[in-house]
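Notebook open, coffee poured. I went through the two chains and wrote down what I looked up, entry by entry.

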Amino acid sequence: MGASFIVEFKKLYKRPATWVVGLIFLALIVLFSYVLPYVVISSLQGRANIPQQFPPNLLPKNFVVTVLGQFGGGFGSALVLILGVLSVGSEYSWQTFKLALTQRPGRLPFLGGKLLAVGAVLAILTVLAFAVGAITSYIISALHGSSSGWPAFGEILKGLGAAWLILATFAALGFFLATLFRGSALAIGLGLVYTLVLESLFLRIASFQSETVAKISKALPVRNATDLASHFGSSQQAAQISNLPAGLKPIAASHAALVLIAYVVVFLAISLLLFRWRDVT
Amino acid sequence: MESAEERPPLVETRGLTKRYSSRITAVDDLYLSVRRGEVYGFLGPNGAGKTTTLRMLLGLIRPTSGSATVMGAPPGSPQSLDRVGSVVESPAFYPYLSGRDNLDVVARLCGVENPKKRVEKALEQVGLSGRASDKYKKYSLGMKQRLGVAAALLKDPELLILDEPTNGLDPKGMAEMRDLIKQVGQGERTVLLSSHLMSEVEQVCSRVGIIRKGRLRAEGSVAELRGKGGLYVKAEPLEEAARVLRSIEGVESVEIKDGAIHLITNPERASEISAKLFASGISVSELKAEQRSLEEVFLELTGEEEEV
């Protein structure tokens, strides 16, 4: 599996799509979490009916929750879903599985190496996202002359773990869909429709006091990802990140983490089984 | 020392079958054996089951029934793949990587020692050293095929499986690819080459198996499949000439057809036979060597309705 991991990591590192997805993710964090809110706040300053308090989300001490807000409910999940799809789906469209599988490693070690490499790229992306968030929040607070205190180190570590788990869940969903459909197009299409549209529609229905629908919604990946992210901030920030319809309460962090881990395990296990048993045509 | 015939075959299938549904049987009860050191041509029309067979031999497709051994091990097992290089259908590589990086990926996956050195050697072998840094997507079809062969050679394999390696190439590219196959097939290396091109198989292969509708219809050397040689004779008087020819020792059959005589004998006896006919007062207007082409044999075995 070691050789497969090195090869797969090299392939991801050299692939322009990886860089495009990663750089867009980082740029969107800077833009939507910091620059745009700061520009809006700056332009509203001095108006009589607008509160003059500097938004706490832009301060370095809150960068963990601010950055995490873009992972689950934001575009992070959609972007890494694309990355997960491409890591498998392109091999089908380029027919490169037949190249890899006629060498030595065997199917499961080969796919295992691929999974580890995607996991490593997600870890790097998570650290970079946190670093970009920290640096941007520091610059903005310096420009505004606000406090530049940092969150506790343990909080940052927990945040990194949660962020990686959220990304891993959606990358695993992409991996599973691409393996199921043996290609990228349908997997990306369906994955994005689910992540960006279907689940939020479902949550709107859940808000109509249906107990059954509300229970089901507690097992859904996007909701668990956003609720996990929301636990890193104050209740006000949590409400902003979760953006739950009225009547729904955030899921406990431990429950959300367990649900996401279960999704990763199930998606990857089914992908491995499908890949192990299907013919490569 | 054991001869190639006595040693166990490198590839052996026993009743190998791949059925996709009750209506579609791609490979049907196939018995095949490829001996060490030979260039074996796997000949068949499009859709005959050649690629499916090769994919089963590489472990990419599971057979519905029957069994196969490749290098004495089950197809697709590390023990088998360790010593087998292959290009199945069109070569497949990562378009955003250079030719060299693609080979590096393959070298690391197959765990060769000193991958960088092996990659450079393989590039040199197929004449791609000068374009090794270019992205694969910029390669011509001929270059892609050659990179495919280079990847197959990285392991220095004992068995090379090539599926229609000249497909889509222009005549120059086809000639270069044939030369390359002859070159890599020298010595102890065994080559299993699938093709639907008769000339290619005749030029390159030492033994041929002809497959149609998933079943092996014939197997043997090109000469064996083409059958015994003969002579075509136009002479007057025809009946008298046939009588004289039947009396000559070593002439196996004499047949009068379309105003000429077709006889089965060694074509090198043409001058001797001409002299005997002349001595019997028979005037010979035409005498030439005659042998069925591999194409005729192929059409006979696979049916003329098949697309060739």
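**Interface, the area.** Before the number, a note to self: buried area is the accessible area, with a 1.4 Å probe, that two parts lose on being put together, summed over both. I keep it here because the size of an interface is often given as the accessible area lost when the parts come together. By that reckoning chain B and chain A bury about 2800 Å² between them. Carbon and sulfur atoms carry 58% of that area. All of this rests on a predicted model, so I take confidence as part of the reading.

**Interface, who takes part.** I looked up the residues on each side next. Chain B puts 30 residues into the contact, and chain A puts in 28 residues. Then I went for the polar side of things. Between chain B and chain A I get 17 residue pairs in polar contact, both partners at pLDDT 80 or more. On the chain B side, α2 (78–81), β5 (84–87) and α3 (99–109) each supply at least two residues to the surface that touches chain A. The biggest giver on that side is α3(B), with six residues. Sorted by class, the chain B side has 17 nonpolar, nine charged and four polar residues.

**Interface, salt bridges.** How many salt bridges does the rule find across the interface of chain B and chain A? I got four. One that I pulled up pairs the side chains of K10(A) and D101(B), at 3.5 Å from N to O.

**Confidence, chain A.** I checked how far to trust chain A. The mean pLDDT is 88, and 90% of its residues score at least 70. The low end is helix α11 of chain A (residues 235–242), with a mean of 63. The high end is helix α7 of chain A (residues 153–181), at 96.

**Chain A, around Q70.** I stopped at Q70(A), in the loop between α3 (63–68) and α4 (76–94) of chain A. Is Q70(A) buried or exposed? Its relative accessible area is 13%, so I log Q70(A) as buried. The side chain of Q70(A) has a polar contact with that of S33(A), at 3.1 Å. Leaving out residues up to four places away in sequence, Q70(A) touches F25(A), I29(A), F32(A), S33(A), F75(A) and G76(A).

**Chain B, overall.** I stepped back to see chain B as a whole. I count 11 helices and 13 strands in chain B. Its C-alpha atoms fill a box of roughly 75 × 45 × 45 Å along the principal axes. Chain B has 308 residues, and 51% of them count as buried. For contacts in chain B between residues at least 6 apart in sequence, 67% join residues at least 24 apart.

**Chain B, helix α1.** I looked up how covered helix α1 of chain B (residues 50–57) is, and eight of its eight residues are buried. The list runs K50(B), T51(B), T52(B), T53(B), L54(B), R55(B), M56(B) and L57(B). After α1(B) comes G59(B), with a positive phi near 80°.

**Chain B, backbone oddities.** A reminder first: most residues other than glycine have a negative phi, and most peptide bonds are trans. I went looking for exceptions. D29(B) is not a glycine, yet its phi is positive, about 50°. D29(B) sits in strand β2 (residues 25–34) of chain B. With 31% relative accessibility, D29(B) goes down as partly exposed. K213(B) is another, with a positive phi near 50°. Its place is the loop between β8 (207–212) and β9 (215–221) of chain B. Is K213(B) buried or exposed? At a relative accessible area of 52%, K213(B) is exposed. I also found a cis peptide bond, from E236(B) to P237(B), with omega near -10°. P237(B) lies in the loop between β10 (230–236) and α9 (238–247) of chain B.

**Chain B, F298.** Last lookup of the day: F298(B), in helix α11 (residues 294–302) of chain B. F298(B) is buried, at a relative accessible area of 0%. I also took a distance to G220(B): 13 Å from C-alpha to C-alpha, with the two positions 78 residues apart in sequence numbering.

Terms used. Residues numbered from 1 in each chain as written. Chains lettered and ligands numbered in written order. Heavy atoms only, no water. Contact = heavy atoms within 4.5 Å. Polar contact = N/O pair within 3.5 Å; in protein donor to acceptor, adjacent residues only side chain to side chain. Helix = DSSP H or I, 4+ residues; strand = E, 2+ residues; numbered from the N terminus. Nonpolar A, V, L, I, M, F, W, Y, C, P; charged D, E, K, R; others polar. pLDDT = per-residue confidence, 0-100. Buried < 20%, exposed > 50% of the residue type's maximum accessible area, 1.4 Å probe, protein only.
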